[in-house]
Amino acid sequence: MPQKLILIAALALAAQAAAAQTVWRCGSSYSQQPCPGGTEVAASDKRTPAEATRSSSVAQADMRLADKMERERLAREKNAPKALVIGPQPPAKPAVEHPQPLKKPEQFVATSGKPKAKAKPKAKAQKKAAS
């Protein structure tokens, strides 16, 4: 934790020192070194020293909160139950096994539902008589 505070303080000092540096725009990027065709950009920190201090203290508070939240998350993960992985189930066995082979179904015949008309015996009798 003290290392982070030192880092924040160093970054705050570097930001103040960077305000005095010259920044060059080289196309769509920025650099501290001049480049061919680059233009100098005024990059000064327009914050007051009080605003810079306030910003630094807010960053430190955010870092402390982030560290606390990380410790809490790690503790929850450590105590969390292991995940239960459910894979594909084996195919279910049939409820009733057939010990004997199934019978071949009878042939299906579609009907209209009307009763069958009786064959006309006259036609057969006429054929026999003609012969």
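What follows is a chat between a colleague and a modeller about this predicted model.

Colleague: Let's start with the sheet: in which order do the three strands come?

Modeller: The sheet is an open one, and the pairing in it is antiparallel. β1 and β2 pair over three bridges, and β1 and β3 also pair over three bridges. Reading across the sheet, the order is β2-β1-β3.

Colleague: Which strands stand at the edges?

Modeller: Look for strands that have a single partner, because one side of such a strand is left without a neighbour in the sheet. That holds for residues 29-31 and for residues 39-41. The edge strands are β2 and β3.

Colleague: And how much is the average twist from one strand to the next?

Modeller: Take the three strands in their order, β2-β1-β3. From one strand to the next, the twist averages 40°.

Colleague: Which residue in β3 stands opposite Val23?

Modeller: Strand β1 covers residues 23-26, and its pairing with β3 runs in the antiparallel sense. Opposite Val23 in β3 you'll find Val41.

Colleague: On to the hairpin of β1 and β2: which residue there takes a positive phi?

Modeller: On the β2 side, Cys26 stands opposite Ser29. The hairpin has two residues between the strands. The one with a positive phi, near 70°, is Gly27.

Colleague: Which cysteine is joined to Cys26?

Modeller: The structure holds one disulfide, so by the 2.5 Å cut-off there is one pair of sulfur atoms to look for. In that link the S to S distance is 1.8 Å, and the angle of -115° about the S-S bond makes it left-handed. The partner of Cys26 is Cys35.

Colleague: Is Cys26 buried or exposed?

Modeller: Its relative accessibility is 19%. Buried means under 20%, so Cys26 falls on that side of the cut-off. Cys26 counts as buried.

Colleague: What about Gly37, is that residue buried or exposed?

Modeller: Gly37 has its place in the loop between β2 and β3. Its C-alpha is 8.9 Å from that of Arg25, with the two residues 12 apart in sequence. The relative accessible area of Gly37 is 80%, and the cut-off is over 50%, so the glycine is exposed.

Colleague: Now helix α2: how far apart are its end C-alpha atoms?

Modeller: The helix covers residues 49-79, which makes 31 residues. At 1.5 Å a residue they should span 45 Å. The model agrees with that, with the end C-alpha atoms apart by 45 Å.

Colleague: Which residues in α2 are buried?

Modeller: Go by relative accessible area, where the cut-off for buried is under 20%. In α2, the buried residues include Ala52, Ser56 and Asp67.

Colleague: Which residue forms a salt bridge with Glu77?

Modeller: The count comes to one salt bridge, and its closest N and O atoms are 2.9 Å apart. The two residues are four apart in helix α2, so about one helical turn separates them. At 47% relative accessible area Glu77 is partly exposed, and its partner counts as partly exposed too, at 33%. That partner is Arg73.

Conventions. Residues are numbered from 1 along each chain as its sequence is written. This is a predicted model: local features need pLDDT of at least 70, side-chain atom pairs count only at pLDDT 80 or more; totals for chains, interfaces and linings use all residues. Side-chain values use heavy atoms; hydrogens and water are left out. Two strands pair if DSSP finds at least two bridges between them. Axes are lines fitted to C-alpha atoms, for helices over the stretch in contact, and angles run from 0 to 180 degrees between N-to-C directions. Buried means under 20% relative accessible area, exposed over 50%, partly exposed in between (1.4 Å probe, protein chains only). The expected span of a helix is 1.5 Å times one less than its number of residues. A salt bridge is a side-chain nitrogen of Lys or Arg within 4 Å of a carboxyl oxygen of Asp or Glu.
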